[in-house]
Amino acid sequence: MNVTIDYCIPSTDLHPGFRPQLDDMQSDLDSLRSKLRIAVIYGGNHNRDNAVIYRTFNPRPWKSYQTVARDVQDALQEVGFEWVTLMPDDMNLPQRLRDAGIHFAWLNTGGVQGYSPVSHTAGMLEMLGIPYVGHNPLHASTLDNKHTFKRELQAFGIPTAPFITWHPAQGLLDTGPGSRFERTFAQHHGPFVVKPISGRASLHIAVVDSLDELHEQAFEVAQQTHNTVLIEAYLPGREFCAAVCGGTLVRDDIIRRLHQPFVFSVVERLFRTGEAIFTSMDTQSITYDRVRLVDSSEPEHAQLSHLARTIYTEFNLSSLVRLDVRADAGGKLHVLEANPKPDLKRESCASTSLISVGLPQAGLSYQDLILSLLVDRLHYLFTYVPDSVRHILDLLA
Ligand SMILES: Nc1ncnc2c1ncn2[C@@H]1O[C@H](COP(=O)(O)OP(=O)(O)OP(=O)(O)O)[C@@H](O)[C@H]1O
Ligand SMILES: [Mg+2]
């Protein structure tokens, strides 16, 4: 594939201390296709022999994500990378990476077990010196712990449903006069959503109407997840998603550098009658009747794009996230979460993913997206932290 450069940022936009690397990216890519050894990493299974030293618990419901890792692998191979291999991220990962001579990784894992599992493999790669597409350990942890992310949203003044956290170690959940609960929900009298602080696919999430149910459900979620529980106001309005990633895009074989993070797949999730929360993707995959592309003429498009760019910039993110947003009764949008490892499933005739569904509207193919995410990361690393990718720059020498 031939890639030409359309360098949109005037060189004055780059800090003078950094050499613009994008000019070299085309020839770099051409060389790297035959030389760069990439591992696409999916979730290791702690039940396998020698996967871990001691099997513990996974507070975030485990999934291997191997099928989607294969979609990413296929796309990288389709755009010309010759060395792309799949690997699980159990305790043998460092040796596997070393044995296969891997230069670069793509994280498509929620981790193996333990707390903040989404950050473990990024942490391991940081320690090993292997660069990757994916969030650094701090960002992965912050985003995957909904209460931490929501506290930061509040600090930035970004709307999110009022919430408290609770853990059984704190004793009984106090909902009485003067309690945190009462202060937080002074303006809200239910229903409430009880959910894990770190979850996926709407698992262990319940809408409760009464305080009795709330106590019961909070205890239930704590028991199931061995983790802190999030209790927040139920938002009854429409639900939306928006994907946002870095501003280096490969479209029609042309690399473009945008002035701002790139927002795409702005969609509304379509509820069935009586559906209070969106049905788990584990139960029903994302079919075309469950999602609607939001047109750029609709007011929510501009609002969601602004929210997505603000979050990407303020949190200083460096990889793709999918924002989940829901409206309150008055139509005001509130951020539910930003998924650090959004589902990157390639679309098929029968089903799609909330990321892939808007690619045609953005004029991108699935391969374009995957190549864009890779090039955005390499461009960043080559420009701002070249010392962390010497082994890749040496391939180009
Ligand atoms: N405060 C809320 N008000 C209304 N609905 C909510 C609220 N919190 C969660 N939901 C519903 O539950 C679904 C899942 O919630 P959330 O996105 O927070 O968790 P998740 O399990 O990490 O989701 P996923 O991995 O599917 O994106 C949302 O898509 C939404 O339909
Ligand atoms: Mg969600």
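Strands β6 and β9 (residues 229-233) run antiparallel and are joined by 4 bridges. Within this pairing, phenylalanine 163 has glutamate 232 of β9 as its bridge partner. The model in which these strands appear is a predicted one.

The pair belongs to an open sheet of 4 strands, ordered β6-β9-β7-β8 and paired in the antiparallel sense. The edges of this sheet are β6 (163-166) and β8 (206-208); each has a single partner strand, so one side of each lacks a neighbour in the sheet. From one strand to the next, the twist averages 25°. Helix α8 (residues 211-225) packs on the sheet and touches β6, β7 (192-196), β8 and β9. The direction of α8 makes about 10° with that of β7.

Two backbone features are found in the loops on either side of β7. Most residues other than glycine have a negative phi, and most peptide bonds are trans. In the loop between α7 (180-184) and β7 lies proline 191, and the peptide bond that leads to proline 191 from glycine 190 is cis, with omega near -5°. The loop between β7 and β8 holds histidine 204. Histidine 204 is not a glycine, yet its phi is positive, at about 60°. Is histidine 204 buried or exposed? It counts as buried, because it has 21 C-beta neighbours inside 10 Å, and the cut-off for burial is 20 or more.

The domain assignment places this part of the chain in domain 3 (162-233), next to domain 2 (36-133) and a domain 1 made of three segments, 1-23, 136-160 and 235-383. The centres of domain 2 and domain 3, taken over C-alpha atoms, are separated by 33 Å. Domain 2 gives 5 residues to the contact and domain 3 gives 7 residues. On the side of domain 2 that touches domain 3 there are 3 nonpolar residues, 1 polar residue and 1 charged residue.

In domain 2 (36-133), strand β2 (residues 37-42) is a useful place to start. Of the 6 residues in β2, 5 are buried, and the strand is mostly covered. β2 pairs in the parallel sense with strand β3 (residues 83-88) over 6 bridges, and alanine 39 stands opposite threonine 85 in β3. Between β2 and β3 the chain passes through helix α2 (residues 66-78), and this β-α-β crossover is right-handed. β2 also pairs with strand β4 (residues 104-108), again in the parallel sense, over 5 bridges. Here the bridge partner of tyrosine 42 is asparagine 108 in β4.

Helix α4 (residues 120-128) has four names on its list of buried residues: His120, Thr121, Ala122 and Leu125. An α-helix has 3.6 residues a turn, so residues three or four places apart point the same way. The cover over the buried residues of α4 includes β2 and β4, together with β5 (132-133) and α5 (137-144). After α4 comes glycine 129, with a positive phi near 85°.

The remaining sites lie further along the chain. Glycine 246 is in the loop between β10 (239-245) and β11 (248-251). It counts as buried because 22 C-beta neighbours lie inside 10 Å. Apart from neighbours within four places in sequence, glycine 246 is in contact with Pro261, Phe262, Ser318, Asp376 and Tyr380. Histidine 391 is 145 residues from glycine 246 in sequence, and their C-alpha atoms are 23 Å apart.

Arginine 322 is in strand β15 (residues 321-327). With 23 C-beta neighbours inside 10 Å, arginine 322 is counted as buried. Which residues is arginine 322 in contact with, leaving aside its neighbours within four places in sequence? They are Cys241, Ala243, Asn339, Pro342, Leu354 and Ile355. Phenylalanine 264 is 58 residues from arginine 322 along the chain, with 9.6 Å between the two C-alpha atoms.

The loop between α9 (299-314) and β15 contains asparagine 316. Like histidine 204, which is not a glycine and has a positive phi, asparagine 316 is a residue other than glycine with a positive phi, near 55°. Asparagine 316 counts as exposed, because it has 9 C-beta neighbours inside 10 Å, whereas histidine 204 counts as buried.

Conventions:
Residues are numbered from 1 along each chain as its sequence is written. Chains are lettered from A and ligands numbered from 1 in the order in which they are written. This is a predicted model: local features need pLDDT of at least 70, side-chain atom pairs count only at pLDDT 80 or more; totals for chains, interfaces and linings use all residues. Two strands pair if DSSP finds at least two bridges between them. Axes are lines fitted to C-alpha atoms, for helices over the stretch in contact, and angles run from 0 to 180 degrees between N-to-C directions. Two residues are in contact if their C-beta atoms, placed from the backbone, lie within 7 Å. A residue is buried if 20 or more other C-beta atoms lie within 10 Å of its own, exposed if 12 or fewer, and partly exposed in between; C-beta atoms are placed from the backbone. A crossover is right-handed if, with the strands pointing away from the viewer, the path from the first strand over the helix to the second runs clockwise. Domain bounds come from an automatic or database domain assignment. Ala, Val, Leu, Ile, Met, Phe, Trp, Tyr, Cys and Pro count as nonpolar, Asp, Glu, Lys and Arg as charged, and the others, Gly among them, as polar.
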